Structure formats: C-alpha cells, structure tokens
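Dear colleague,

I am handing over the structure we spoke about, and I would be grateful if you could look through it alongside the notes further down.

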Amino acid sequence: MIPKSQSVLVHPAARLGGTLSMSGDKSISHRVAMLAALAKGTSKVRNFLQSEDCLNTLHAMERLGARSFFTDDGELTIQGTGGKFLEPVDPLDLGNSGTGMRLLAGLLAGLPITAELTGDESLRSRPMNRIKEPLEKMGAVVELLGEKGRPPIRIRGGNLKGMDYAIPVASAQVKSCILLATLFAEGTTTVTEVLPTRDHTERLFLNAGIQLEVDGLRVRMKGYGAKGPKLKARPWEVPGDFSSAAYALAAVAARPDSSVTVSGVGLNPRRTALLDVLRRMNARVEVATRSGTDEAEPFGDVTVSGARLTGTTVGGGEIPALIDELPLVAILGALAEGETVIRDARELRVKESDRITCMANNLKLLGVDVEEREDGMLIRGPARLQPVAGIQSYGDHRIAMSLAVLGLYGEGPVCIHNIACVLTSYPAFWDHLIALGAHVE
Ligand code: S3P
C-alpha cells in the first residue's frame with residue numbers, strides 16, 4: 001500500500017500484464033449514496049467506492065439524517081431517511097468533489113431546510129453559477145459565498161416548480177443536479193443537453209422506480225411535489241469504474257508485447273469513448289459485455305493489447321464520453337507516432353485543476369512537443385522523455401495517475417509530487433500498477 005506518501009517514484013516498465021478487478025464507479029457511488037439515503041429502510045450496496053470523494057458524500061448524507069456502515073467484506077449498509085432530512089448545523093464538506101457538491105445542491109434545493117456546502121481549495125475554485133441559475137429558476141435561494149460565483153454555497157430549499165431548461169454546457173453534473181431537485185418539485189421539468197453526457201442518474205432513477213422519459217437530448221420528468229418520491233430500500237451493486245480502469249488500459253496500449261484485462265467494469269456507452277480512441281490509435285481492444293439494459297448499467301471485461309500507436313484527433317460529441325480520460329489521451333499522444341489533437345475540451349479548464357495548462361506544462365517539462373490551445377492541445381510524438389527532478393500533480397488525481405502511466409514509458413524513473421489526491425477516486429491505484437508488474441517506490 002502506498003496511501004498517504006506525498007511523492008512517488010515510477011520506474012520504466014518494459015512489459016506489463018495481468019487482470020484487474022475494478023473497484024466501484026465513482027459517479028454511480030455518489031448517486032447511490034443519495035438515493036439510498038432518500039429511501040425508507042435499509043439498503044445494502046455492493047462495491048461502493050471507498051474513496052475520499054464518495055465517503056465525503058456518504059458523510060454528508062449522514063449529517064442529513066442517514067446512517068451507514070461498512071462490513072469487513074466492504075459491503076455498505078445505508079439506513080435511509082424516508083425523505084425526512086435533518087437541517088445540518090455546520091457546513092457540509094464535500095472535499096475535492098464537484099459531483100458531490102453539485103448533485104447534493106440539487107437534492108437540498110428541494111428540501112425545506114437551509115444548508116451550506118463547502119470543499120477544499122480546488123473545489124472552492126470551481127464554477128457554481130451553472131447550478132445556481134437553474135436551481136433559482138425552480139424556486140430555490142442559492143447564494144455563492146466565494147468570489148466570482150465560487151463555493152461555499154448556501155441553499156434555502158423548498159417550494160420548487162418544474163421548468164424547461166436548456167443546459168448551456170455539456171455537464172452530467174448540472175443535468176443530475178436539476179433531476180435531483182425535480183424529485184421534490186411540483187410540475188414537470190424538461191432539460192435539454194447540448195451533447196449527450198453520462199446518463200447514470202437517468203438509469204438509476206428508472207431502476208429505483210422514478211419515472212422519466214428520455215428523447216434524444218431531452219429528459220422529461222414529473223416532480224413528486226414537496227414530499228418527494230416514496231422510495232423503498234433495496235440492494236444496489238456498483239459496477240467497476242471505467243475511468244479508473246482506463247489507466248491500466250493506457251499503461252499497456254503503447255507496448256506491443258503487453259496486454260491487460262480489467263474485469264467487472266462499467267461499460268456505459270456514454271463513458272467509454274476512450275476505447276474508440278485506443279482503436280483509432282492502433283491498440284487492440286476486446287470487449288465482453290456481461291449484462292445491461294436501458295435502466296441497468298452495462299458492465300463486462302475489457303482487454304487491451306499494446307501496439308505502436310499512431311496519433312488521432314478527439315473532439316465534438318466524443319468529448320463528454322471521455323472527459324475524465326483526456327489527460328490520458330494527452331499521454332497516449334506523447335507516446336504515439338504523429339500528431340494527436342484534443343479540441344472542443346474547454347471544460348477541462350474548470351476540473352479539479354486547469355487540466356489543459358497543467359498537463360501541457362508537465363508534458364513540456366518532460367520534453368514532449370506540445371502546443372497548448374484554448375480548447376485543448378496538440379501533441380507531436382513519439383517523445384523521448386527527458387529526466388527531470390520531479391513533476392507536480394497540481395493536487396489533481398487524474399493528472400497524478402496519468403503522469404504515473406507516462407513514467408512507465410520513461411528511460412529513467414520519474415518522481416511525481418503531491419500524490420495524496422489519488423485517494424479521492426482510486427485508492428487501489430498504486431497497488432494495481434504494482435500488480436501489473438510496475439516498480440513504484
Ligand atoms: C461526473 C460528470 C463529469 C465528470 C465528473 C463526474 C458525474 O463532470 O467530469 O468526474 O458524476 O456526473 P461534468 O458533468 O461537470 O462534465
């Protein structure tokens with residue numbers, strides 16, 4: 001285990017391989033914690049992701065009146081509130097998690113209580129006007145207490161009305177925030193997206209018996225009024241996290257003699273565009289879907305076998321389906337022959353860090369030919385990595401893990417600083433790299 005140490009040394013690895021069983025999906029774990037806390041009775045959740053982000057959401061639900069504990073085998077038990085939430089005295093701290101904050105804001109907007117949401121320095125620098133505007137349109141009072149529309153957020157909820165709303169940015173967090181608020185609204189809400197984003201909330205709602213209609217980019221849902229829906233406790237099973245699995249897939253993608261299988265991983269088509277990108281870049285990708293319906297999340301096993309990669313372009317409608325994998329696409333671009341272009345990805349600038357500038361700076365430091373652009377970057381590969389004293393994660397988990405993958409392809413070890421952030425989403429990351437054959441100190 002390499003949990004809390006602040007820096008890590010990743011050695012080059014000539015060959016990697018094996019099978020990994022993936023821990024639970026982060027997005028789905030957040031949502032299940034909220035739905036189980038809303039239900040009446042005791043729900044059991046298998047494969048809930050025990051990362052800092054999801055545990056912060058779970059703690060927030062406890063502060064609102066739910067009870068929860070984990071058994072030794074990792075199963076989570078949540079005793080729900082039946083919709084009768086308590087007013088928290090102190091601010092609810094969502095740590096590093098934009099998903100936790102934005103989704104919880106939606107739920108709170110429907111409740112007749114006042115609550116404050118805060119988070120770490122990174123979360124307190126992220127834009128929240130994108131949820132303030134629709135929640136106020138529904139009737140909540142939302143104050144952004146930070147500078148320029150940033151958190152903390154104070155919400156006085158209740159008396160919501162459904163609305164028609166076109167979401168100006170492609171964001172599953174904003175869509176989900178509005179759908180959670182609609183649970184406690186009178187009338188009907190119709191949200192329209194600019195591009196299809198991950199639909200975990202829609203699937204989980206349908207699975208829990210909450211009716212909604214999806215028609216292309218439009219989701220229509222009738223509110224349940226001030227009392228909210230009457231949800232019964234039920235068992236949940238969280239599929240493995242594709243965004244975490246992506247690191248192992250990328251770790252072998254550029255090595256012609258390496259191959260890895262990730263098993264039990266979520267295969268929601270609105271999450272898996274990285275597989276198309278890997279195929280375009282020349283890697284071999286095999287997918288064995290085990291199960292899934294319109295309501296239940298598809299999951300299965302993915303095997304990637306490495307190859308000499310060639311550059312590609314990612315942009316347009318593909319972006320939301322690999323938004324969290326874009327730092328890895330930049331890494332793959334550095335390893336591939338020719339040009340790799342990431343475009344239409346301005347949203348990367350308002351993630352846990354400005355992922356365009358932070359990735360471009362790190363790649364430059366390592367000697368990669370990269371051009372930063374307003375909405376992405378252009379990378380010319382393959383790069384011959386230069387030895388450097390150390391590189392920074394900027395406190396962003398996905399940057400730390402992407403750089404660790406690149407380190408496997410170096411000519412000498414790469415030191416990555418400030419890696420505690422990995423615990424926000426993927427506590428097993430370093431163990432998994434080691435299990436594949438990497439040497440990590
Ligand atoms: C998430 C949606 C995405 C993604 C984030 C998780 C979710 O954010 O980047 O890691 O769980 O809904 P946006 O919806 O803001 O793009």
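Below are the notes on the ligand site, one strand and one helix.

This is a predicted model, in which local features need pLDDT of at least 70 and side-chain atom pairs count only at pLDDT 80 or more, while totals for chains, interfaces and linings use all residues. Residues are numbered from 1 along each chain as its sequence is written, and side-chain values use heavy atoms, with hydrogens and water left out.

The residues around the ligand (a heavy atom within 4 Å) include S27, T99, R198 and D324. An oxygen atom of the ligand lies 2.7 Å from a polar side-chain atom of R31, and a ligand oxygen is 2.8 Å from an N or O atom in the side chain of K351. The protein covers 94% of the 390 Å² of accessible area (Shrake-Rupley method, 1.4 Å probe) that the ligand has on its own.

Strand β17 (a DSSP run of E, at least two residues; helices are runs of H or I, at least four) spans residues 259–266, of which 7 of 8 are buried, meaning under 20% relative accessible area with a 1.4 Å probe and protein chains only. Strand β2 pairs with β17 in the parallel sense over 5 bridges (pairing needs at least two DSSP bridges), with T261 as the bridge partner of T19, whereas β19 runs antiparallel to β17 and is joined to it by 6 bridges.

In helix α6 (residues 200–207), 6 of the 8 residues are buried, and their cover includes α1, α5 and β15.

Best regards

Technical notes. Buried means under 20% relative accessible area, exposed over 50%, partly exposed in between (1.4 Å probe, protein chains only). Contact means heavy atoms within 4.5 Å. A polar contact is a pair of N or O atoms within 3.5 Å; within protein, one must be able to donate a hydrogen and the other to accept it, and residues adjacent in sequence count only if both atoms are side-chain atoms.
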